[in-house]
Amino acid sequence: QVQLVESGGGLVQPGGSLRLSCAASDEIFSMHWVMWYRQAPGKDRELVASISTTGATTNYADSVKDRFTISRDSAKNTVSLQMTSVTPEDTAVYYCNVPALSLWGQGTQVTVSS
């Protein structure tokens with residue numbers, strides 16, 4: 001059973017940066033699009049960013065465009081989400097997803113607070 005494991009969440013001050021990583025137990029990232037979602041308390045899960053199999057195509061929600069960067073490292077079998085200039089509105093549980101396989105990670109909490 002392929003698993004996705006997110007890491008890198010935590011407490012960060014407004015204006016700060018954080019890097020999330022999603023690791024797969026198998027070499028699936030090179031064959032499928034990968035997404036990062038987030039869910040804030042009381043809100044629907046929101047698509048934040050996506051990356052194609054080669055990494056050549058990336059897409060971002062308007063709310064994070066120019067602040068977040070999604071990338072993949074094929075050698076390490078990971079997909080990362082670099083978060084910069086964070087605001088309290090970025091506070092959420094962040095999830096890694098491979099939609100073609102209906103795979104979700106367990107999520108990692110990001111809290112932006114001073």
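## Notes on an all-strand predicted model

1. **A serine to begin with.** Ser 102 sits in the loop that runs between strand 9 and strand 10. Please keep in mind that this is a predicted model. Ser 102 has a positive phi, about 55 degrees, although it is not a glycine. Most residues other than glycine have a negative phi. Because its relative accessibility is 60%, Ser 102 counts as exposed.

2. **Another serine with a positive phi.** Ser 85 is not a glycine either, yet its phi is positive at about 50 degrees. You will find Ser 85 in the loop between strand 8 and strand 9. Is Ser 85 buried, partly exposed or exposed? With a relative accessibility of 41%, Ser 85 counts as partly exposed.

3. **The overall build.** How many helices and strands does the protein have? There are zero helices and 11 strands, so-called β elements from start to end in the pattern β-β-β-β-β-β-β-β-β-β-β. Along its principal axes, the C-alpha trace spans about 40 × 25 × 25 Å. For 114 residues, a compact globule would have a radius of gyration near 13 Å, and the protein agrees with its 13 Å. Of these 114 residues, 43% count as buried. Looking at contacts between residues at least 6 apart in sequence, 53% join residues at least 24 apart.

4. **The largest nonpolar core.** This core has 29 residues, and those touching the most other members are Leu 4, Phe 29, Trp 36, Leu 81, Met 83 and Tyr 94. Several strands each supply at least two residues of the core: strand 3 (18-24), strand 4 (34-39), strand 5 (46-51), strand 7 (68-73), strand 8 (78-83), strand 9 (92-98) and strand 11 (108-112). As background, nonpolar side chains in soluble globular proteins tend to be buried together.

5. **A closer look at Leu 81.** Which residues does Leu 81 touch, leaving aside those up to four places away in sequence? The list is Leu 18, Arg 19, Leu 20, Trp 36, Val 48, Ala 49, Phe 68, Thr 69, Ile 70 and Tyr 94. Two of those names, Trp 36 and Tyr 94, also appear with Leu 81 among the core members that touch the most others.

6. **The disulfide.** The structure holds one disulfide, which joins Cys 22 to Cys 96 with an S to S distance of 2.1 Å. Cys 22 is in strand 3 and Cys 96 in strand 9, so the bond ties together parts of the chain that are 74 residues apart in sequence. Why is the disulfide called left-handed? Because the torsion about the S-S bond of Cys 22 and Cys 96 is about -85 degrees. Cys 22 counts as buried, at 0% relative accessibility, and Cys 96 is buried too, with a relative accessible area of 0%.

7. **An aromatic cluster.** The model has two aromatic pairs. Tyr 37 and Trp 104 form a tilted pair, 5.0 Å from centre to centre and with 55 degrees between the planes. This pair links distant parts of the chain: Tyr 37 is in strand 4 and Trp 104 in strand 10 (residues 103-104), 67 residues apart. Tyr 95 and Trp 104 form an edge-to-face pair, at 6.3 Å centre to centre and 85 degrees between the planes. Together, ring pairs link Tyr 37, Tyr 95 and Trp 104 into a cluster. Trp 104 counts as partly exposed, at 37% relative accessibility, whereas Tyr 95 is buried, with a relative accessible area of 14%.

8. **An arginine over the rings.** Where does Arg 45 lie with respect to Tyr 95? Arg 45 lies over the face of Tyr 95, 3.9 Å from the ring centre. The charged end of Arg 45 also sits over the ring of Trp 104, at 4.6 Å from its centre. Tyr 95 and Trp 104 are the partners of the edge-to-face pair described above.

9. **Thr 58, to finish.** Thr 58 lies in strand 6 (residues 58-60) and is partly exposed, with a relative accessible area of 32%. Not counting residues up to four places away in sequence, Thr 58 touches Ser 50, Ile 51 and Ile 70. Thr 58 and Val 34 are 24 residues apart in sequence, and their C-alpha atoms are 9.8 Å apart in space.

Note on methods:
Residues are numbered from 1 along each chain as its sequence is written. This is a predicted model: local features need pLDDT of at least 70, side-chain atom pairs count only at pLDDT 80 or more; totals for chains, interfaces and linings use all residues. Side-chain values use heavy atoms; hydrogens and water are left out. A nonpolar core is a set of buried Ala, Val, Leu, Ile, Met, Phe, Trp, Tyr and Cys residues joined through side-chain atoms within 4.5 Å. Buried means under 20% relative accessible area, exposed over 50%, partly exposed in between (1.4 Å probe, protein chains only). Helices (H or I, at least four residues) and strands (E, at least two) are DSSP runs, numbered from the N terminus. Contact means heavy atoms within 4.5 Å. Rings of Phe, Tyr and Trp (its six-membered ring) pair if their centres lie within 6.5 Å; planes under 30 degrees apart count as stacked, over 60 as edge-to-face and the rest as tilted. A charge sits over a ring if NZ of Lys or CZ of Arg is within 6 Å of the ring centre and within 35 degrees of the ring normal. A disulfide is a pair of cysteine sulfur atoms within 2.5 Å. The radius of gyration is taken over C-alpha atoms; the globule rule is 2.2 Å times the number of residues to the power 0.38.
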